[in-house]
Protein chains: 2
Amino acid sequence: MDVVDLGAQWRAYCASRALKSTRQRAVLLDVVLGWSGHFSLDDVFSAAAAEMPAIGYATAYRTLKLFLEAGLIAPIDLGDGVSRYEIVRHEEHHDHIVCVGCGRVVEFVDAHIEELQVEVAHRLGFDLVAHRMDLRGRCRLGEHCPHRSPLGPAGVVQS
Amino acid sequence: MDVVDLGAQWRAYCASRALKSTRQRAVLLDVVLGWSGHFSLDDVFSAAAAEMPAIGYATAYRTLKLFLEAGLIAPIDLGDGVSRYEIVRHEEHHDHIVCVGCGRVVEFVDAHIEELQVEVAHRLGFDLVAHRMDLRGRCRLGEHCPHRSPLGPAGVVQS
DNA sequence: TTAGGTGCAAACGTTTTGCAACTTG
DNA sequence: CAAGTTGCAAAACGTTTGCACCTAA
């Protein structure tokens, strides 16, 4: 499911809930779908405000909540105390590993672990709905590592 | 490492940082070590206040922070927006699965997944320091499930 | 005696809401 | 027109801190 499909998904959600289409929502959708990586409410608001100065924080807040309910975005927790989100891409689910030294975030998927999660859930009497797995590690980039800080996503590592 | 050892660990930490032993800290340590399951700052404060009405919220806050630094407790995130913690038991590390229907939390460990996590981290160039894995599922307790709400921990399920 | 600890109240940053004015369908 | 949406400002929330008064060592 690519960005185009997420747009469709949003339109479907709007229809199902009789939501109106406004310029604000268009701008916000645009910002979110165009975002690569993780974003906070503030991130989204700032970007939207750049394109539409009159937009209000509350609107960004409420719209992000709608995106959440529509399943367009999902909350993630990277350990800092801020609510962050990322676009839900069904074919692109991934987990995170965060370097405790430099804060670098690598996204990855391990098919084997995914399987085992379903299995374990079943064994415990659950039907798995979702999961979140965040690893912490120290990355071995040596002198390149410390404090390279939040850098753009380098893509999801599959395995 | 059982509760007794955690007490020793705390004493060692106090010594190393020249922390004084006060009645407040004793009460708070007691509350935390005696807690079965997950707790919030509020939980701890309330329980401590029951035993020592004059205790201040800030003291609970600051002390919990010390416990955190001392490695006695670890933050966990169960998806509600509240900071929660649990006692660190080195031989009892576990992950969580939360029922999206009733909120029931089951703790578990899967040795195979644990191994794979280390492996994956290495493959990505990290030395694994810690991990957090929270599954969401719908539990199959049928009529017994919905809204049985936060119940006491039923122990860690090993596999 | 003195470094450290406590309780209070206020500051903080973020998230959330009430409301009157304004759009969309 | 009616229902839904917006921006503002303020409330609510959990968390964190400054400070003057205590207390363990």
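The legends below describe close-up views of a predicted model in which protein chains A and B meet DNA strands C and D.

Residues are numbered from 1 along each chain as its sequence is written, while chains are lettered from A and ligands numbered from 1 in the order in which they are written. Local features need pLDDT of at least 70, side-chain atom pairs count only at pLDDT 80 or more, and totals for chains, interfaces and linings use all residues, with side-chain values taken from heavy atoms and with hydrogens and water left out.

**View 1. Protein residues around DNA strand D.** Around DNA strand D there are 20 residues, of which A:Lys20, A:Thr22, A:Arg25, A:Thr59 and B:Tyr61 come nearest, a residue being near a strand if one of its heavy atoms lies within 4 Å of it. Of the atoms of DNA strand D that come within 4 Å of the protein, 70% belong to sugar and phosphate. By residue class, this surface divides into eight nonpolar, six polar and six charged residues, where Ala, Val, Leu, Ile, Met, Phe, Trp, Tyr, Cys and Pro count as nonpolar, Asp, Glu, Lys and Arg as charged, and the others, Gly among them, as polar.

**View 2. Polar contacts to phosphate oxygens of DNA strand D.** A polar contact here is a pair of N or O atoms within 3.5 Å. A polar side-chain atom of A:Thr59 lies 2.4 Å from a phosphate oxygen of DNA strand D, and for a polar side-chain atom of A:Thr22 the distance to a phosphate oxygen of this strand is 2.7 Å. A:Ala54 takes part through a polar backbone atom, which is 3.2 Å from a phosphate oxygen of DNA strand D.

**View 3. Helices beside DNA strand D.** Helices are DSSP runs (H or I, at least four residues), numbered from the N terminus. Helix H2 (23-34) and helix H4 (57-69) of chain A, together with helix H4 (57-70) of chain B, each supply at least two residues of the surface near DNA strand D, and the largest share, five residues, comes from H4(B).

**View 4. The surface near DNA strand C.** DNA strand C is surrounded by 21 residues, the closest being A:Lys20, A:Tyr61, B:Lys20, B:Thr22 and B:Thr59. The largest share of this surface, five residues, comes from H4(A).

**View 5. Polar contacts to DNA strand C.** A polar side-chain atom of A:Lys20 lies 2.6 Å from a base oxygen of DNA strand C, whereas a polar side-chain atom of B:Lys20 lies 2.6 Å from a base nitrogen of this strand. At the backbone of DNA strand C, a polar side-chain atom of B:Arg25 is 2.7 Å from a phosphate oxygen.

Notes: A polar contact is a pair of N or O atoms within 3.5 Å; within protein, one must be able to donate a hydrogen and the other to accept it, and residues adjacent in sequence count only if both atoms are side-chain atoms.
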